[in-house]
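Me: Hi! Could you walk me through this one? I'd like to start with the basics.

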Amino acid sequence: MAPEDHGLRAIIYERDGASGRATLKLLDQRVIPYEKTYLDVRDSKDGWTMINSMVVRGAPAIAIAGVLSLAVELANADLPQDPSEMASRINEKLTYLVTSRPTAVNLAIACGDLKQRVARAGPGATSKDLAEVVIAASEELMRTDTEGNLSMGSFGSKAIQEACRKRRSKDTNLRVLTHCNTGALATSSYGTALGVVRSLHSDKVLERAYCTETRPYNQGARLTAYELVHDKIPSTLVTDSTAPYLMSKGEVDAVVLGADRIAANGDVANKIGTYSLAVSASYSNVPFFVAAPVSTVDLSLPNGSGIPIEERSSEEMTHLPDGKRVVADGIGVWNPAFDVTPAPLIAGIITEYGTVWPNSSGEFDMKGFIDSAR
Ligand code: MRU
């Protein structure tokens, strides 16, 4: 079985070569692991709703599902005759898609890129040509995401082995902790940080993966545990508050987790709880890695203070998934879905082009890295 073909698919997209019609199905991640149900996405409105309601989640998967939802709409709908009407319709829908969730930047970057491609298509382009520009670029995003994840996995495995060799004179039997879900379910396949865990496992240097529950939405307990068990990777689930204790006992050799947005100086927005893991890792001298594609880097932000942080409904904390209230009525609730980890707490940022290390002053130069990688 090819490493990327492991039966865990969040996004299933197909296009019929003869008719040009396309279909898109998203795995309903709200009911994993009890049920494996795929929902049909007919258009960008469905795409927006499914991203907003967490049918699909994880920064790269949000971007891919979002642009493919517009691709299926354009592949199957009657198009307006006038190309300028077509171009403004596409732009409007792309702008709308970006409002589905605020923190992960990948969808905004993908939609901005599609707008530019449509604008560059030239004065002679027909409505059909413009639709094909969107469809081809969206299909390409899905394909290149998988390729990028595989290469991120191998760069990440090397970086973690090297860091562990330097610090603890060991680069095998590694125990690695991860947070939230960054696997096949959060991407086109394989994953980013969980892809790195997969690569450590296939390189035969992983003794155990620890995954946190990731309260309050439990992406770690529900989704990462499911992926680790699916791949038969030796693994243990811990509560979020157990992770710092585990590190203090010397039971974790490295932490690797994902990102929703990375500022130009390497500050990282990721699932709530990332910052406290980074602080604990620093206190216990455990190298703390972030793995993310360069499409997660927002060079327009000099640091993490400008990253918009999504706040989600209080029900995620006050109610069980079956709707039963478990918290006293009347208590105030604050439920930010993400936090920001300052760059100095990060050992390295693993991308599909290699690992970004801090310079001798401890600073990350994300722009310099991206410019030289491309
Ligand atoms: O709220 P979610 O489940 O979309 O949050 C997901 C994360 O925070 C991931 O770590 C991040 O998007 C990277 S996924 C490869």
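Reply: Happy to! Helices (H or I, at least four residues) and strands (E, at least two) are DSSP runs, numbered from the N terminus. Counted that way, the protein chain has 11 helices and 14 strands. This is a predicted model, where local features need pLDDT of at least 70, side-chain atom pairs count only at pLDDT 80 or more, and totals for chains, interfaces and linings use all residues. Residues are numbered from 1 along each chain as its sequence is written.

Me: Cool. What order do the strands take in the open sheet of three?

Reply: The order is β1-β2-β3, with antiparallel pairing; two strands pair if DSSP finds at least two bridges between them. β1 (11-15) and β3 (38-41) are the edge strands, each pairing on one side only.

Me: And over how many bridges do β2 and β3 pair?

Reply: Four bridges, with β2 covering residues 22-27. L27 stands opposite Y38 in β3.

Me: Which strands does helix α2 touch?

Reply: Helix α2 (residues 59-76) packs on the sheet and touches β1, β2 and β3. Here, a contact means C-beta atoms, placed from the backbone, within 7 Å.

Me: Switching topic: what is the radius of gyration of the whole chain?

Reply: It is 21 Å, which agrees with the value near 21 Å for a compact globule of 374 residues. The radius is taken over C-alpha atoms, and the globule rule is 2.2 Å times the number of residues to the power 0.38.

Me: What does the C-alpha trace span?

Reply: About 65 × 55 × 45 Å along the principal axes of the protein chain.

Methods: Two residues are in contact if their C-beta atoms, placed from the backbone, lie within 7 Å. Axes are lines fitted to C-alpha atoms, for helices over the stretch in contact, and angles run from 0 to 180 degrees between N-to-C directions.
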